[in-house]
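Biologist: Could you walk me through the helix packing and the aromatic pairs in this one?

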Amino acid sequence: MKMKFGILSSAVIATALALTGCAGANNAASTDPGAASSKVNVTVSAYPLQFLAERIIGTAGTVTNLTAPGQEPHDLELSAKQIAEMSSTDALFYIANFQAAVDEAIKTSPPKIAVDVSSGLTLLTAGEDGADSGGELPATAIDPHIWLSPANMATMAHTMSAALSTAKPELAATFQTNTDKLVADLTGLKDSFTTGLKTCDRTQFITSHAAFGYLAHEFGLTQVPIAGLDPTEEPTAARIAAVQALAKKYGVTTIFFETLVSNAVAKSIAGDLGLKAAVLDPIEGITPTSAGTDYIQVMQSNLTALQEANGCK
């Protein structure tokens, strides 16, 4: 796996530390240090965590996403301003070893509370995540796309709620109420997938990159990724040929592509084989072209796409 991540320069780090010092001085000069005590300010590293944080917090605070809408999160680079803001946020939520720039910034400018939401989850490697990768993915490569399992999202919601209650104990009841509603919605989503994918003509599906391992693992499917865990990775000619052979072997009807990276290879394979090309969204960000306005809506669209492609009754 070839991950392409932004590396923080010493100049960016130094600027961030200077900005952090200025922010600290401004906070110290405040005449009303308790004015914002009833609100929580949270930073997240990617959209799925933004969705969870916004649902848990509700109107009790604000959520800042380090990854801009439409930006591919694997390649995130941080500005000095973002790093400085990270250090002053009430809590930072991230996925360790997913965005190297975030991991590095936490070390150089630690936030008050930094929570790796993958803690407590069973992490899958490329050899365990339901993928037919043709041996092209390192067997020990950890799949970071934990959010594509509704069950994982429910666990992550509880993890985030507990951390937020530590940051703002006076808002703990609000966080718990909102988390209970969120988990109920995620449980309903999981039940929809379980029922909707129970009886299908096939369980294999072909995707642009290996993002859907947790979804495949949870619902008894097999993903056939064109590229590896990094969506910017170019598949080899041998891999493309292997995917074409697997498409014929499994009798797939659809080659899935996604919204934030090039769909050229997926559409080319579909065209060569006379198959349909359709979106299966890894939900790494919400844009105006997304099939929904939030995680649950887009996941429901993904379910419909899988049912249509796999002949589910």
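What follows is a short chat about packing, burial and rings.

Modeller: Heads up, this is a predicted model: local features need pLDDT of at least 70, side-chain atom pairs count only at pLDDT 80 or more, and totals for chains, interfaces and linings use all residues. Residues are numbered from 1 along each chain as its sequence is written, and side-chain values use heavy atoms, leaving out hydrogens and water.

Biologist: Which residues of helix H9 are buried?

Modeller: Buried means under 20% relative accessible area and exposed over 50%, with partly exposed in between (1.4 Å probe, protein chains only). Helices are DSSP runs of H or I, at least four residues, and strands are runs of E, at least two, numbered from the N terminus. On the face of H9 turned away from the buried side sit the exposed Gly271 and Asp272. The buried ones in H9 (residues 264-273) are Ala266, Ile269 and Ala270.

Biologist: Is the Phe98 and Trp147 pair stacked or tilted?

Modeller: Rings of Phe, Tyr and Trp (its six-membered ring) pair if their centres lie within 6.5 Å; planes under 30 degrees apart are stacked, over 60 edge-to-face, the rest tilted. Phe98 and Trp147 are 5.4 Å centre to centre with 55° between the planes, so the pair is tilted.

Biologist: And how far apart in sequence are Phe193 and Phe219?

Modeller: Their ring centres are 5.1 Å apart with planes at 25°, so this pair is stacked. Both Phe193 and Phe219 are buried. Phe193 is in helix H6 and Phe219 in helix H7 (residues 213-219), and the separation is 26 residues.
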